[in-house]
Amino acid sequence: AVEPCPKRPAVPSNMALAANPIPKAALCTNSKDKHQAEDADRCRVKRMSAELVLEICKERSMWAQPHLNTQLYLNYKGFETIEGLEAYINIRALYLGSNNIEKIDGLQGMKDLRSLQIEGNRIRCIENLTSNVELRQLNLEFNAIRRLSNLSHLTKLQHLNVAKNAIASLEDLDELKSLPCLENLDVSQNAIEDTEGVVEFWASLPAELKILRYHGNPGVRSIEHYRKRLVNALPSLRYLDERPVFPVERKASAAWAEGGLQALQQAKRDYLQEQYRQQNAVDPDRREFLTQQRKLAIARIEREERERAEKEEKEEKGYTAVQRGEPAAVDEYTRAWREKLEKYGAEHLREEAAAKSAPVNPAQQQQKLAADAALAEAQRKAQAEKIRLNAYEHNKLPSKAGGMTFAPPPRERQAERHSAAHESNVASFRQTGAATDFADRQFSVLDGMDDAEIHKEEAAAPQSKPEHEEEVVPDLWKKMEKENKEAESKVHEMHAKLKEVEHKVEKPAGTETTELGDLD
């Protein structure tokens, strides 16, 4: 029983205080009086009025216009009655939990109410819900209800919570048989002591329960095989008491009902094996894909192996007989090596091997390249000088009929003629100008004639050998004779230097490049 709060003395209005102000001596002058006043204010009964509900709406960020609200939060306010809600006609979710309400009333105007949360109050009986036929959720947890009643008209009710009440037997739950849509039921932590007919009662409900919480009642501990029997009796059950009902438990419970404990264990093993096969099985499409990928991988490996073998075969063909390890070649190599050893000595062979294996010095490499370039340049100049001298010797031809003849130089090969044409040295006697145009034209005509034609014309011409042949030398050559002699002396000096360079770069005797020598 709830003790009544002490009666609070009447508080004067603001107008009365203004007319008759309270003297300062009458005010609370110590903390004890202040705490007593606060306790008295807390014990004062709060009445749910339209004005107070409006203030709560503003405080909790709800609409000030009642008809605009679809949710109304009036919990934790200490109300004892439900009133002043006539204007809230569009409410679909009403929260009245953790108050001091003793009776359900004042909800007749909420025709569209879907959820009523009224837990944690002093309600003893379910009543006055005849207008709320659209109700889907009803939470009456932690109240003082002894029997379920006045619920038969709530045909759409799906979730009912009457846990932690004062229900003492299964007969007090007969009202549940009139709820065809019930899916979630919580009757835990009550005072139900029945042990017989519990499973049959829950199986007789017309609704297909998916969640049932029946734990916490005194009679549960005395029901034999309580969970297995309930799982078999309620095929749509997905959650029982404090844990879900898994498929393996359902199959094991069905096997237990037929064959006992051994059948239960075997059903669990079979289920786990089936799950393992399903998790590790491969569908036909994926199996075909994996097979195709495996074949492609094998073909790629074989192709790479074949290409590698072909590459090794090609490399092996490029090896010498000694590198391939042929006995005859190895014996010949050994014999040649011994001859070298007897001829040059071990010290010379070590120096030669060290010179070949030593790292290349950049400075020495540059010197070698410069020497090779100088040698090539000297050879080129010597070849050009040789061509010029040959042309000079062939320019002298015998005179015809007491006259003077002047033959052009012999026709060289096309490459030599082009190289000589581009060379500019002391033997070049052609000069540009009107005085030499006639000679140039004559040489160009003679140069275009074939040697065979020239010999044919000479044979057809009458041979008249003069008694005294005189050598005719052009005046230009006479002027350039001194220069030619100086050029010849320079050429001889160049030839001497060339021979010295060739002697320096010449390899020692007996070190000819052979196959066996390269292997050394």
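Q: Which residues does asparagine 121 touch, not counting residues up to four places away in sequence?
A: This is a predicted model, so let's start with where the residue sits. Asparagine 121 is in the loop between strand S3 (115-117) and strand S4 (137-139). Skipping residues up to four places away in sequence, the residues touched by asparagine 121 are Leu96, Gly97, Ser98, Asn99, Asn100, Ile101, Phe142 and Asn143.

Q: Is asparagine 121 buried or exposed?
A: The cut-off for buried is under 20% relative accessible area. Asparagine 121 comes in at 8% relative accessibility, so the label for this loop residue is buried.

Q: Which backbone nitrogen lies 3.2 Å from a polar atom of the side chain of asparagine 121?
A: The asparagine 121 side chain has a polar atom 3.0 Å from a backbone oxygen, that of glutamate 119. For the nitrogen, look at the list of residues that asparagine 121 touches, which includes Asn99. At 3.2 Å from a polar atom of the asparagine 121 side chain, the backbone nitrogen in question belongs to asparagine 99.

Q: Are helices H9 and H10 roughly parallel or roughly perpendicular to each other?
A: H9 covers residues 327-344 and H10 covers residues 346-357, and their axes are 6 Å apart at an angle of about 115°. Angles of 65 to 115 degrees fall in one class. That's why H9 and H10 count as roughly perpendicular.

Q: How many nonpolar residues are in the contact of H9 with H10?
A: On the H9 side you've got Trp337, Lys340, Leu341 and Tyr344, and they meet Ala346, His348 and Leu349 in H10. Sorted by class, this contact has one charged residue, one polar residue, and nonpolar residues numbering five.

Q: Which helix supplies the largest share of the largest nonpolar core?
A: That core has 61 residues, and those with the most contacts inside it are Leu72, Leu85, Leu160, Leu173, Leu176 and Trp202. Helix H3 (50-59), helix H4 (198-203) and helix H5 (226-233) each give at least two residues to this core. The largest share, four residues, comes from H4.

Q: Which residues is leucine 173 in contact with, leaving aside its neighbours within four places in sequence?
A: Leu173 is among the residues with the most contacts inside the largest nonpolar core, and so is Trp202. With neighbours within four places in sequence set aside, the contacts of leucine 173 are Leu148, Ile167, Val187, Ile192, Phe201 and Trp202.

Q: What share of the residues of the chain counts as buried?
A: For the overall layout, the chain has 17 helices and nine strands. Taking contacts with a separation of 6 or more, 45% are between residues 24 or more positions apart. Of the chain's 520 residues, the share that counts as buried is 25%.

Q: Is serine 61 buried or exposed?
A: Serine 61 is in the loop between H3 and strand S1 (71-73). Its phi is near 60°, a positive value in a residue other than glycine. With 70% relative accessibility, serine 61 counts as exposed.

Q: What is the relative accessibility of asparagine 128?
A: Asparagine 128 isn't a glycine, yet it has a positive phi of about 60°. Its place is the loop between S3 and S4. Asparagine 128 counts as partly exposed because its relative accessibility is 29%.

Q: Which residue's backbone nitrogen lies 2.6 Å from a polar atom of the side chain of aspartate 283?
A: Aspartate 283 is in the loop between helix H6 (247-280) and helix H7 (284-317). At 43% relative accessibility, aspartate 283 counts as partly exposed. The backbone nitrogen 2.6 Å from a polar atom of its side chain is that of arginine 286.

Notes
Residues numbered from 1 in each chain as written. Predicted model: local features only at pLDDT ≥ 70, side-chain atom pairs only at ≥ 80, totals over all residues. Heavy atoms only, no water. Buried < 20%, exposed > 50% of the residue type's maximum accessible area, 1.4 Å probe, protein only. Polar contact = N/O pair within 3.5 Å; in protein donor to acceptor, adjacent residues only side chain to side chain. Contact = heavy atoms within 4.5 Å. Axes fitted to C-alpha atoms, helices over the stretch in contact; angles between N-to-C directions. Parallel < 35°, antiparallel > 145°, perpendicular 65-115°, else oblique. Nonpolar A, V, L, I, M, F, W, Y, C, P; charged D, E, K, R; others polar. Core = buried A, V, L, I, M, F, W, Y, C linked by side-chain atoms within 4.5 Å.
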